[in-house]
Amino acid sequence: MSTLRSAAALALAACLLTGCSNSTGTGSGDGGSAAGGDYQIWDPYPQFDDSSDWVKLLTKCGTDAGVTVKRTGYDTTDLTNKALLAAQQGNSPDVLIVDNPVVSTLADAGVLTTADELKVDTSAVEPNLLAAGQIGGKTYGIPIGANTLALYYNKKILDAAEVDPTAIKDWASLTSALEKVKASGKKGITFSAIGTEEGSFQFLPWFWGAGANLTQLDSPQGVASLELWNGWLKNGYAPNSVLNNTQTTSWQEFAAGDFAFSENGTWQLANAKKTGFEYGIIPIPSQAGGTAPAPTGGEFVTAPVQSETARYAVTEKLIACLTSADNALTTDTTLSYIAATEAVQQKQVAANSELTVWVEAVKAAKGRTSDDLGTKYPKISQPLWTAFQAALSGSASPADALKTAQTTAAAATK
Amino acid sequence: MTTEVSSLVRTRENTARVRRGRGHWTAWAFLAPIVIYLLAFYAYPLYRNLDLSLRHYTVRSFVQGDAPFSGLDNYRDVFADPAFGPAFLHTLTFTVVSIAFQFAIGLALAVFFAQNFRLSATLRALFLVPWLLPLIVSASTWSWMLNSDSGIVNHALGLIGVDPVNWLTSPDWALTSVIIANIWIGIPFNLVVLYSGLQAIPCEIYEAAALDGANGRQRFWRVTFPLLRPVSAITLLLGLVYTLKVFDLIWIMTKGGPADASTTFATWSYRFSFGSLLPEFGPGAAVGNLLILMALFFGLLYIRFQRRQA
């Protein structure tokens with residue numbers, strides 16, 4: 001009896017093992033055959049399940065190309081390491097949709113194919129958006145859409161404080177608006193100055209808006225931008241909790257209805273409608289006036305290197321399908337992104353005039369890894385966030401903090 | 001007769017040898033699962049971590065697996081990093097202060113509950129709550145409570161007329177805040193282990209001490225404390241090893257900030273390897289190995305202490 005039972009258990013275990021290896025084996029990038037078969041797509045949108053428009057689009061693109069698409073959604077912070085590990089093990093996905101500042105890192109690791117090699121047409125894409133994926137004259141991937149930062153405002157609070165949001169064109173008018181808001185008994189502005197990449201992302205519109213350059217953090221312009229933030233905290237226009245706020249917590253503070261302004265992204269548009277108060281959006285002003293260049297967010301569709309180059313033909317079809325004008329419109333609407341091509345942007349504005357501000361902001365925006373910074377950017381970003389954390393928490397003056405940051409960044413990028 | 005006996009003896013010896021030989025293999029077969037397990041899940045990861053820390057990894061060499069051997073360069077870089085001193089100091093402060101308070105409060109509560117008053121079992125169970133909660137829940141709750149502007153702690157301070165404290169965002173308070181949260185989380189562990197240690201002390205000794213006229217304080221310092229020493233030692237050791245590598249709590253509450261004010265080796269190592277867009281596995285592994293060395297040091301100290309006791 002007991003032998004019978006253990007034999008059955010063994011057989012079951014064997015089935016499980018072989019079953020497992022079968023299902024994982026065929027799915028991997030180099031396991032399937034070149035024509036037909038399974039194609040792997042990894043994306044950073046785990047919030048979408050199989051019933052979502054996004055996954056339906058992926059499936060449809062696969063069917064059109066005559067293959068089956070296997071899609072996996074990862075958390076965005078997890079995806080870089082997953083992609084690197086997969087490349088190390090030689091089982092990269094066929095299509096990898098990844099946050100734009102990561103493209104240069106992966107390209108530097110030799111993980112990605114160039115758009116030329118894959119014969120992907122990038123000519124319609126706005127050059128400032130494509131720049132984040134260009135290193136050393138080569139283009140790796142194509143943006144699926146873009147998002148960026150702007151200022152949301154609470155209309156009721158501004159009316160009560162007698163502030164006209166359309167008159168906010170430069171730093172001086174913004175700061176005086178904050179002063180009026182504070183005088184009227186409400187809170188000024190919330191943003192995220194957390195000690196991670198998210199904080200740097202939020203600081204850059206002000207840094208670039210002063211005319212500063214990432215290669216010289218302690219320039220007078222750079223110091224001016226940090227002094228702006230620092231002044232807001234000192235005067236109580238911005239809460240001290242910005243130091244620990246993610247963009248989501250900062251949004252929650254704004255959504256609670258006490259703050260006049262929130263520096264936040266395109267992706268909060270859907271939530272803005274749920275707040276229950278009237279809101280508006282203005283572009284982030286630069287120091288001297290006009291729209292400040294904000295960093296671009298949003299993902300690139302890339303094709304990791306495969307040992308079987310015959311697979312690229314289908315991969316190209318999949319990417320072309322995902323980024324075609326019609327599908328880009330669906331995708332960018334689903335993701336609450338601005339399209340990467342002028343033609344689709346116009347369609348978006350025609351459908352929803354609220355997006356005009358965002359299209360303008362995206363046009364003025366700039367990739368963090370642009371200017372050929374590439375993999376140097378992360379080594380600059382970290383000293384930068386350490387600097388504004390030090391200044392805002394009062395442990396160093398803005399000038400000193402940025403001086404230290406510049407020394408660290410210069411040593412790291414040498 | 002004698003030949004018969006000797007041959008019999010010889011065959012017996014032979015079978016014994018065969019059996020011993022076979023037993024040898026059987027023994028190894030029985031040992032194999034645990035050996036394979038130890039090799040696969042302990043030895044190999046440790047070796048990989050050591051290897052990572054001795055090579056110059058870039059993202060490219062990580063993928064292609066051809067990172068050049070760089071000796072102790074990563075360690076030199078880590079030691080020369082201006083963040084090293086503060087991180088080391090924070091790690092020590094965090095560990096020592098956390099352990100001291102966890103142990104003292106845990107012991108006090110254990111002695112209190114040892115009196116077995118009514119509802120003491122229920123109350124003791126309630127004290128275990130911090131231990132049962134997932135860390136992401138307790139750490140997030142602490143970080144909400146300690147929020148500078150809308151946290152309940154500052155609100156309560158405001159009610160008694162104290163100025164709000166920037167618990168998580170001031171360089172003077174961030175480390176204290178994460179220590180407070182960590183003490184709260186660690187008390188139940190100390191309470192449970194020390195309480196079971198107290199149960200093992202025979203009542204007769206207390207009776208004898210009482211007959212000899214020892215008061216409560218004397219009974220604690222002369223009876224409870226010395227007899228609890230072996231249990232205390234293991235509690236402290238486990239606490240040390242556990243506290244040294246606390247990462248999630250600090251990361252959720254402050255991300256090691258503001259500007260490194262609450263960075264410990266654990267969060268520093270994580271930030272090197274995973275905390276920015278560009279992973280630096282070499283220095284990350286080096287800092288991780290320093291943590292292992294520190295834990296090992298305390299482990300050896302414990303073994304020495306135990307030997308001296310024996």
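Helices in what follows are DSSP runs of at least four residues (H or I), and strands are E runs of at least two, both numbered from the N terminus. With that in hand, residues 125–145 of chain B come out as 86% helix and 0% strand, and their end C-alpha atoms sit 24 Å apart. Keep in mind that this is a predicted model.

**Chain B and its annotated spans**

That stretch is one of several that an unreviewed UniProt entry labels "transmembrane region" in chain B; the full list is 25–44, 87–113, 125–145, 173–195, 227–244 and 281–303. The same kind of record, again an unreviewed entry, puts "domain: ABC transmembrane type-1" at residues 88–302 of chain B. Here is how three of the annotated spans look in the model.

| Span of chain B | Helix | Strand | End C-alpha distance |
|---|---|---|---|
| residues 87–113 | 100% | 0% | 38 Å |
| residues 125–145 | 86% | 0% | 24 Å |
| residues 88–302 | 73% | 0% | 22 Å |

The domain assignment cuts chain B a little differently from the UniProt record, with domain 1 at 2–53 and domain 2 at 83–309. Their centres, taken over C-alpha atoms, are 43 Å apart. Contact between them involves four residues from domain 1 of chain B and six from domain 2 of chain B. On the domain 1 side, that's two nonpolar residues, two polar and no charged.

**Two helix pairs in chain B**

How do α9(B) and α12(B) pack? Helix α9 (residues 174–199) and helix α12 (residues 229–244) of chain B meet at about 155°, with axes 10 Å apart. Since angles over 145 degrees count as roughly antiparallel, α9(B) is therefore roughly antiparallel to α12(B). The crossing is right-handed. From α9(B), the contact uses B:Asn182, B:Gly186, B:Asn190, B:Val193, B:Leu194 and B:Gly197, while α12(B) brings B:Val231, B:Thr235, B:Gly239 and B:Thr243. By class, you get three nonpolar, seven polar and no charged residues in this contact.

The other pair is set at quite another angle: helix α3 (residues 73–80) and helix α15 (residues 281–309) of chain B pack at about 75°, their axes 9 Å apart. That makes α3(B) roughly perpendicular to α15(B). On the α3(B) side the contact residues are B:Asn74, B:Tyr75, B:Asp77 and B:Val78, and α15(B) answers with B:Gly282, B:Pro283, B:Ala286 and B:Val287. Five of the residues in this contact are nonpolar, two polar and one charged.

**Chain A, inside and out**

Chain A also splits into two domains, each built from two segments: domain 1 takes 26–146 + 297–364, and domain 2 takes 149–294 + 375–413. The domain centres lie 30 Å apart over C-alpha atoms. Domain 1 of chain A puts 13 residues into the contact and domain 2 of chain A puts in 14. On the domain 1 side, α4 and α16 (356–364) of chain A each supply at least two residues, and α16(A) gives the most, with five. That side divides into seven nonpolar, four polar and two charged residues.

Where the chains meet, 30 residues of chain A are in contact with 27 of chain B. Which elements of chain A give two or more residues to the side that touches chain B? They are α3 (76–89), α4 (100–108) and α17 (376–392) of chain A. The largest share, seven residues, comes from α17(A). By class, this side of chain A holds eleven nonpolar, 16 polar and three charged residues.

Definitions and conventions:
Residues numbered from 1 in each chain as written. Chains lettered and ligands numbered in written order. Predicted model: local features only at pLDDT ≥ 70, side-chain atom pairs only at ≥ 80, totals over all residues. UniProt positions renumbered as here; feature names shortened; annotations may be inferred. Domains from an automatic or database assignment. Contact = placed C-beta atoms within 7 Å. Nonpolar A, V, L, I, M, F, W, Y, C, P; charged D, E, K, R; others polar. Axes fitted to C-alpha atoms, helices over the stretch in contact; angles between N-to-C directions. Parallel < 35°, antiparallel > 145°, perpendicular 65-115°, else oblique. Left-handed = near helix turned anticlockwise from the far one by under 90°.
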